[in-house]
Amino acid sequence: MSTPARPANRHHKRPRGEGQWALGYREPLNKNEENKKNDDGLNVRQRIVDVYSKRGFDSIDPADLRGRFRWLGLYTQRKPGIDGGKTAILEPEELDDRYFMLRVRIDGGQLSLEQLRVIADISNEYARGTADITDRQNIQLHWIEVEAVPDIWERLEAVGLSTMEACGDTPRVVLGCPLAGIDADEVIDGTPQIHDITERYIGDKAFSNLPRKFKSAVSGCPAHCTVHEINDVAFVGVVSERGEQGFDVWVGGGLSTNPMFGKRLGAFVRPDQVHEVWAGICGVFRDYGYRRLRHRARIKFLVSDWGAEKFRQVLETEYLEYALPDGPAPAQPRGGRRDHVGVYPQKDGNFYVGFAPKVGRVDGDKLHEIADIAERHGSTRVRTTVEQKMVVLDVAPDQVDSIVRELEAADLRVNPSTFRRQTMACTGIEFCKLAIVETKATASNLIDELEKRLPGFTDPLTINVNGCPNSCARIQVADIGLKGQLVVNDKGEQVEGFQIHLGGSIGLNPTFGRKVRGLKATAEELPDYVERVVRNFEKQKNEGETFSEWVQRADEADLK
């Protein structure tokens, strides 16, 4: 007698997905996704103008305050006096101050002097003089009151600037080489492509609800200054076998608590195709990105799971509806540091002058001073860099010596020490609600101490200081990466300190920093520690060996 067939299970549950829209999972699976479904983040602008700026901080809906405000470049800043031990314990409303950080979006790092002066005026009038140049070419202001925001927007937009999608689950600022269009050695000028992307898609609701933030770079810089290896998407200038200028595409780079290097798709993109390929990649992320868990929602996790081949296939078949030709990999970065500090010739016979504010910290008066110095020497435009530095363009040969003297006199170093040139710091506990330790002052003090103790040290050496594990200051790819945490000092007291990552690098031999077991330092001990490890490097390095290469072979005892 045969066994009867088992009836279908009418109550079979659909397997839990990752919240991928393209696979039919449209229901919000966490609070962030629910907020975005309830109302597009871009819609908060009108409420800020019509309601919140008129009725004040207490009138702001919590879902707007800690969510949608970010779509317009606004974060509540940290309430003063709350120590790092409480960062992960307190509720958001306990950490919130009644003031905001405002991020001014500067795509490609491109600023006219008029724009720079408007930011300087806003800083002085509304932000208590604060201004920080970020490692994504933006300028951040603090102490902003919601009542001031409409006037700030009006002033910024009058000169072509914006805060739209400077934060949030959106396409954020597009990085570009500060020397785009003027560097005699550049592979291609990416400026038209940056303009194409921003003008077509920033503020477009087709891309205003992504699973998480989306970081882009477009550059033909021979030094690879936009660090394409760690962006969500990057277009890197190349020349095809037929001699045609275009771009190589990388996807899925990112750091934070799960660092990953981007992967080449192996496709050649013509300049006129960049905007639609960018939109296609952003669309893949929007539709296939993992929305269930915030910590897995970045595009790097999708790329890691799929691989570059499948990602390219989906991009071409479902979004572009045409195949991209294969193309070459980018040339290796031009030797030396991947920045633009110093004086160098432009292709038009003029010079650019790159200078180093200390850890990106300036103020309204300093921004005015930079604009005045540039104007006195015939320049009408400046640039921000991804290393928290600035560049004045178009300086005539007979003006170079004078502008260098004036910048140096203003403590804007054109010929900085290695430590001033290559130390970065995130916002830290002074203003950031995620931070555990102070960063800007700590890094500034570290620079001063190292300049005194190691005046003859000239090798490239990146020191990146971060206030929490999120790696806004790119600690995993620094020679010395410092991740803020509370540590116990020799008196048994819990104090601010850092876990130390050593030997990270991008470029020729990309690697994430080495974590030596138990290697931590208090903020007070940092100068002694860095001096000690740098002296060990100087004693043991082989000819031409970089700090990162030395770390990979060094004994642990020499790294402590």
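**Exercise 1. A salt bridge across the chain**

Arg98 is partly exposed, with a relative accessible area of 44%. In this predicted model, find which residue Arg98 meets in a salt bridge, and state where the two partners lie along the chain.

*Solution.*
Step 1. Side chains of opposite charge can pair when their charged atoms come close.
Step 2. The partner is Asp58, with an N to O distance of 2.9 Å. A salt bridge requires a Lys or Arg side-chain nitrogen within 4 Å of a carboxyl oxygen of Asp or Glu, so the pair qualifies.
Step 3. Asp58 sits in the loop between α2 (44-55) and α3 (62-65), while Arg98 belongs to strand β2 (residues 96-104). The two are 40 residues apart, and the bridge links distant parts of the chain.
Step 4. Asp58 has 64% relative accessibility and counts as exposed.

**Exercise 2. More salt bridges**

State how many salt bridges the whole structure holds, then describe the pairs Asp305 with Arg296 and Lys366 with Glu369.

*Solution.*
Step 1. A search of the whole structure gives 51 salt bridges.
Step 2. In the pair Asp305 and Arg296, the closest N and O atoms are 3.3 Å apart. Asp305 is partly exposed at 47% relative accessibility, and Arg296 is partly exposed at 23%.
Step 3. In the pair Lys366 and Glu369, the N to O distance is 3.4 Å. Both residues lie in helix α11 (residues 364-376), three residues apart, which is about one turn of the helix. Glu369 is partly exposed, with a relative accessible area of 31%.
Step 4. Bridges can also share partners: Glu449, Lys452, Arg453, Asp528, Glu531 and Arg535 are joined into one network in this way.

**Exercise 3. Counting disulfides**

How many disulfides does the model contain, and why is Cys426 not in one?

*Solution.*
Step 1. A disulfide is a covalent bond between the sulfur atoms of two cysteines.
Step 2. The cut-off for the two sulfur atoms is 2.5 Å.
Step 3. The cysteine sulfur closest to that of Cys426 is in Cys472, 6.0 Å away, so the distance is too great for a bond.
Step 4. Cys472 is in no disulfide either; its nearest cysteine sulfur, in Cys468, is 6.0 Å away.
Step 5. The count is zero disulfides.
Step 6. As for accessibility, Cys426 is buried at 13% relative accessible area, whereas Cys472 is partly exposed at 49%.

**Exercise 4. Positive phi angles**

Give the phi values of Ser256 and Arg474, and locate each residue.

*Solution.*
Step 1. Ser256 has a phi near 55°, a positive value in a residue other than glycine. Ser256 is in the loop between β9 (245-251) and β10 (263-269).
Step 2. Arg474 has a positive phi of about 60° and is not a glycine. Arg474 is in the loop between β17 (463-466) and β18 (480-488).
Step 3. Is Arg474 buried or exposed? With a relative accessible area of 9%, Arg474 is buried.

**Exercise 5. A charged patch and a helix residue**

Name the residues of the patch of negative charge on the surface, then contrast the accessibility of Glu525 with that of Val530.

*Solution.*
Step 1. The patch gathers Asp490, Glu493, Glu524 and Glu525.
Step 2. Glu525 is in the loop between β20 (514-522) and α15 (526-540). At 34% relative accessibility, Glu525 is partly exposed.
Step 3. Val530 is in helix α15. At 0% relative accessibility, Val530 is buried.
Step 4. The C-alpha atoms of Val530 and Gly253 are separated by 28 Å, with their positions 277 residues apart along the chain.

Notes. Residues numbered from 1 in each chain as written. Predicted model: local features only at pLDDT ≥ 70, side-chain atom pairs only at ≥ 80, totals over all residues. Heavy atoms only, no water. Patch = residues over 30% accessible without salt bridge, like charges linked within 9 Å, V, L, I, M, F, W, Y side chains within 5 Å. Areas by Shrake-Rupley, 256 points an atom, 1.4 Å probe, with all protein chains shown as cover. Lys, Arg positive; Asp, Glu negative; His and termini not counted. Charge placed at Lys NZ, Arg CZ, Asp CG, Glu CD. Helix = DSSP H or I, 4+ residues; strand = E, 2+ residues; numbered from the N terminus. Buried < 20%, exposed > 50% of the residue type's maximum accessible area, 1.4 Å probe, protein only.
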